Amino acid sequence: MTAGGRAFLPHFPVELPVPDLRPWAAGNLLPGVWSFSAEQPGPHVALVGLIHGNEIAGGLLLARWLEQGLRPARGRLTLILGNLAAFARFDPADPTLSRFVDEDLNRVWCDKVLDGPRDSAELRRARELRPLLAEVDVLLDLHSMLWPSDPLMLAGGSASARALGQRLGVPPLVVSDQGHSTGRRLIDHASFSAEGSRRTALLVEAGQHWEAATLATLDACATALLRETGLLPGGPIDHPRARAAEVTRTVIAGTHGFSFVQNFRGGSVIPERNTLLALDGDAEIRTPHDDCLLVMPSPRTMRGHTAVRLARFLED
């Protein structure tokens, strides 16, 4: 990002300690990948952190569990530090610059792209991880958000992922969506999203990147998943069932002048249909229905990027 791009963003303090990942960089299966199998059979569960190099909470959680010697009671547990090359550039004084090296690692998960001629640091990493991910039964991708927002889970278009997210109950909201026009996320890869697939993938957005509460939310969500799948003993945690919502419109900024009419927070619910949300040049962006949920609004959005997703709550 250029100096002008940095000025485009406010300063967010880094409350979390920067993890020391040097002891875990080599992995025991692939670089940055640790995999452990139990004697008792069970599912293969993968937890992925640091798909974006500046989202350090996921790296902190995985490093903590590796240091504690976490092992599955049954099945197989794989812990993946996604983009160590980008994380190596992380600087708390300018923490937005290390999201990726060449391109977003969470926009390349299409086999046509992965099998194509393009090359980048992120494509090489995705190609390295793809055979392993094809063996995973349940995947949880650990993320956080630049702008302050209520935490949530994203289930893509998978009904089974949404159902799993509702059972986990933390965070207390799971949103079905169709991803991004700029490329497929890891949870959208055909291994998890193809019709009839028995594999399931969720993405948790646990809060603002560098807030202490974000790490606690990731811990609670990942623990709930390991208990739900039986990899940790004790059975499922009795969290209240998460509420479900479905994206009805993804708003892409059509101009560099996109601006919200007020400082909306992610998770806000707008009661009335046709409420003005933003101006995109001369175009007005309004709520398409009553009780419209704002999913991760980005107050400063460049043309061609997602400004906000609008969602409707689903009945249980």
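Modeller: The expected span of a helix is 1.5 Å times one less than its number of residues. Keep that rule in mind, and note that this is a predicted model.

Biologist: What makes the length of helix α8 close to what is expected?

Modeller: Helix α8 covers residues 212-228, which is 17 residues. The rule takes one less than that number, times 1.5 Å. The expected span comes to 24 Å, and α8 reaches 25 Å from its first C-alpha to its last. The two values are close.

Biologist: Which residues of α8 are buried?

Modeller: Among them are Thr-214, Leu-215, Thr-217, Leu-218 and Asp-219. Cys-221, Ala-222, Thr-223, Ala-224, Leu-225 and Leu-226 are also on the list. Each is called buried because its relative accessible area is under 20%.

Biologist: What comes just after α8?

Modeller: Gly-230 does, with a positive phi of about 85°.

Biologist: Where is Leu-50, and what is its phi?

Modeller: Leu-50 sits in the loop between β2 (44-49) and α2 (56-68). Its phi is near 60°, a positive value in a residue other than glycine. Most residues other than glycine have a negative phi.

Biologist: Why does Leu-50 count as buried?

Modeller: Its relative accessibility is 0%. Buried means under 20%, so Leu-50 meets the cut-off.

Biologist: How do you know whether Asn-274 is buried or exposed?

Modeller: Neither word fits: Asn-274 has a relative accessible area of 43%. Buried needs under 20% and exposed needs over 50%, so Asn-274 is called partly exposed. Asn-274 also has a positive phi, about 75°, although it is not a glycine. The residue lies in the loop between β10 (269-270) and β11 (276-280).

Biologist: Which peptide bond is cis?

Modeller: The bond from Val-170 to Pro-171 is cis, with omega near -5°. Most peptide bonds are trans. Pro-171 is in the loop between α6 (159-168) and β6 (173-176).

Biologist: What makes β1 and β10 edge strands?

Modeller: Start with their sheet. Its 11 strands run in the order β1-β3-β2-β4-β7-β5-β6-β8-β14-β13-β10, and the sheet is open with mixed pairing. Strands β1 (33-37) and β10 each pair on one side only, and they are the edge strands.

Biologist: How do you know that β13 and β14 pair?

Modeller: Two strands pair if there are at least two bridges between them. Strand β13 (residues 292-295) is joined to β14 by 4 bridges, so the two count as paired. They run antiparallel. One bridge sets Cys-292 against Arg-312 in β14.

Biologist: Why is one side of β9 left without a neighbour in the sheet?

Modeller: Strand β9 belongs to an open, antiparallel sheet of 3 strands, in the order β9-β11-β12. Strands β9 (259-260) and β12 (283-286) stand at the edges with a single partner strand each, so one side of each has no neighbour there. The partner of β9 is β11, across 2 bridges. That meets the need for at least two, so they count as a pair. Phe-260 is opposite Ala-278 in β11.

Biologist: What lines the largest pocket?

Modeller: The largest pocket has a volume of about 1300 Å³. It is lined by 45 residues, with Arg-99, Asp-104, Arg-107, Leu-146 and His-305 closest to its centre. By class, 17 are nonpolar, 17 polar and 11 charged. Strands β4 (138-145), β7 (200-208) and β14 (306-313) each supply at least two residues. The largest share, 3 residues, comes from β4.

Biologist: Which residues are nearest the centre of the second largest pocket?

Modeller: Gly-156, Gly-157, Gln-178, Asp-188 and Ser-193 are, out of 16 lining residues. Strand β5 (152-156) and helix α7 (190-193) each give two or more. The pocket holds about 220 Å³ of space.

Biologist: What makes the largest cavity a cavity and not a pocket?

Modeller: A probe fits in a cavity but cannot get out, whereas a pocket is an open set. The count is 1 cavity of 30 Å³ or more, and the largest has a volume of about 30 Å³. Its lining includes Trp-109, Arg-130, Leu-186 and Phe-192. By class, that lining has 5 nonpolar, 2 polar and 1 charged residues.

How values were computed. Residues are numbered from 1 along each chain as its sequence is written. This is a predicted model: local features need pLDDT of at least 70, side-chain atom pairs count only at pLDDT 80 or more; totals for chains, interfaces and linings use all residues. Side-chain values use heavy atoms; hydrogens and water are left out. Buried means under 20% relative accessible area, exposed over 50%, partly exposed in between (1.4 Å probe, protein chains only). On a 1 Å grid over the protein atoms alone, a cavity is a set of points where a 1.4 Å probe fits but cannot get out, and a pocket is an open set with protein on both sides within 12 Å along at least five of seven lines; lining residues have an atom within 4 Å of a point. Grid points are joined across faces, edges and corners, and a volume is the space filled by probe spheres set on the points. Ala, Val, Leu, Ile, Met, Phe, Trp, Tyr, Cys and Pro count as nonpolar, Asp, Glu, Lys and Arg as charged, and the others, Gly among them, as polar.
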